[in-house]
Amino acid sequence: MSVSLGRRRTAVFALFFLPGLAMASWVTRTPDVRDLLGASTGRMGLVLFGLSVGSMVGILCSGPLVARWGARPLIAAGTLATAAGSGVIGLGAAAGADAVVALGLGLIGLGMGGGEVALNVEGAEVERLLGRSTLPAMHGFYSFGTVVGAVAGMTLTAVSFPVLWHLAVVTVVVMAVLVPMIRRVPAGVGRRTGSGDGTHARASARPAVWREPRLLLLGGIILALAMAEGTANDWLPLVMVDGHGFDPALGSAVYAVFAASMTVGRFVGGRFVDRYGRAAALCASAVVGAVGIALVILVDNQAVAAAAAVLWGIGASLGFPVALSAAGDSGDNSAARVSLAATVGYVAFLVGPPSLGHLGEQFGLRNALLLVLILVVAASFVTPAARTARPAPTP
């Protein structure tokens, strides 16, 4: 590996870490934010809708913007929006203003939805240059960020540290890491170039990509396993508090266990993918994740619920990066394919939080998780869509 490629990979690792840190910092303070707002489960679902809307706006805009400008400016803008959103959530919680918290979540969703599609395009290119499965480890740094954020959030929740100051510190940290790391990302990755009748060629190529059944199936796998991951990010502390009787600090601790499990799964998952192939890795992820979610729903025991979070985390760990990698290798124009698969998958972030909030209001949060369980089980049956020529084993 050349020095420049090594620095580039390190930058991608760091840039994946930042949104994980920001997301977990918010998630672990969800019970405190809920109490500061005085919100019911249904109202919290509406507040979380800001995250969903921001994510989908970012996702839908990111593909054309990456095609025009390249991944680097989108990564920078997305990370800036994520940093700003953390601070706005803190201000809204301190003021007891639902709309301000929703706005902050919208900024985080906008930053993560747009920035992470661009970051995955850059990550897929680095993986191609390295010649081995690397996207799981990159997403592992996102999960590592969630572990750091969750542990910090759990500790600060236990000592009743103000939400406003906690999230303000997160904003400063994200900005401080972004500035040196973004300089290592080369310009132009993912940008489409052409001349003559290139505009017509691009216009005709886009619907052809949308019509590919295999690519849509990969998007469906991403949707289900991203829904499993996103549900934990949005609701797991509250599921543990309201559904299993944990206090808020212990509910945050269970989320930290979930995040740590995802981190381990992603750091070791690359070797599993290289040895057994993408389809087997995705099928195993879906089955293990389904078992974990089922235990959380069906078994009324705190110890079992905490242990099930480990299975849930391991099961959700490989879905997004491995399916994105398969999408990128499914044909020409890898950047467009990664953007398309991510767009289909991120529908989970639009329908997930409000749907689960509404179902949770009617039937309880644990029962609402049945929707996620059904999707994950269904995904396990379509994982052969990720089957491609297996990469050569690396020593």
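Student: How many helices and how many strands does the protein chain have?

Tutor: This is a predicted model. Its protein chain has 17 helices and 0 strands.

Student: Why is A24 called buried?

Tutor: Buried means under 20% relative accessible area. A24 has 0% relative accessibility, so the residue counts as buried. A24 is found in helix 1.

Student: What does A24 touch, leaving out residues up to four places away in sequence?

Tutor: A24 touches G145, T146, G149, A150 and Y255. The cut-off for contact is heavy atoms within 4.5 Å.

Student: How far apart are the C-alpha atoms of A24 and Y255?

Tutor: They are separated by 8.6 Å. Along the chain, A24 and Y255 lie 231 residues apart.

Student: What share of the contacts in the protein chain with a separation of 6 or more comes from residues 24 or more positions apart?

Tutor: The share is 84%.

Student: What percentage of the protein chain counts as buried?

Tutor: Of its 395 residues, 56% count as buried. The chain exposes about 15,100 Å². Carbon and sulfur atoms supply 67% of that area.

Student: Which residues touch the most other members of the largest nonpolar core?

Tutor: They are L15, W26, I293 and W312, in a core of 110 residues. Helix 1 gives the most to this core, with 15 residues.

Student: What makes W26 eligible for a nonpolar core?

Tutor: A nonpolar core takes buried residues of listed types, Trp among them, joined through side-chain atoms within 4.5 Å. W26 is a member of the largest one, so W26 counts as buried and is joined in that way. Not counting residues up to four places away in sequence, W26 touches V33, M44, L48, I89, L105 and L167.

Student: How many cavities of 30 Å³ or more does the structure hold?

Tutor: The structure holds 3. The second largest has a volume of about 70 Å³.

Student: What makes a residue such as L15 part of the lining of the second largest cavity?

Tutor: A lining residue has an atom within 4 Å of a cavity point. L15 is in the lining, together with P19, I75, G78, T79, T82, G111, M112, G115, E116 and L119. Helix 1 (3-28), helix 4 (71-95) and helix 5 (98-130) each give two or more residues. Helix 5 gives the most, with 5 residues.

Student: How does the lining of the second largest cavity divide into nonpolar, polar and charged?

Tutor: The division is 5 nonpolar, 5 polar and 1 charged. Glu counts as charged, so E116 falls in the charged class. Gly counts as polar, so G78, G111 and G115 fall in the polar class.

Conventions: Residues are numbered from 1 along each chain as its sequence is written. This is a predicted model: local features need pLDDT of at least 70, side-chain atom pairs count only at pLDDT 80 or more; totals for chains, interfaces and linings use all residues. Side-chain values use heavy atoms; hydrogens and water are left out. On a 1 Å grid over the protein atoms alone, a cavity is a set of points where a 1.4 Å probe fits but cannot get out, and a pocket is an open set with protein on both sides within 12 Å along at least five of seven lines; lining residues have an atom within 4 Å of a point. Grid points are joined across faces, edges and corners, and a volume is the space filled by probe spheres set on the points. Helices (H or I, at least four residues) and strands (E, at least two) are DSSP runs, numbered from the N terminus. Buried means under 20% relative accessible area, exposed over 50%, partly exposed in between (1.4 Å probe, protein chains only). Accessible areas come from the Shrake-Rupley method with a 1.4 Å probe; for residues, only the protein chains shown count as cover.
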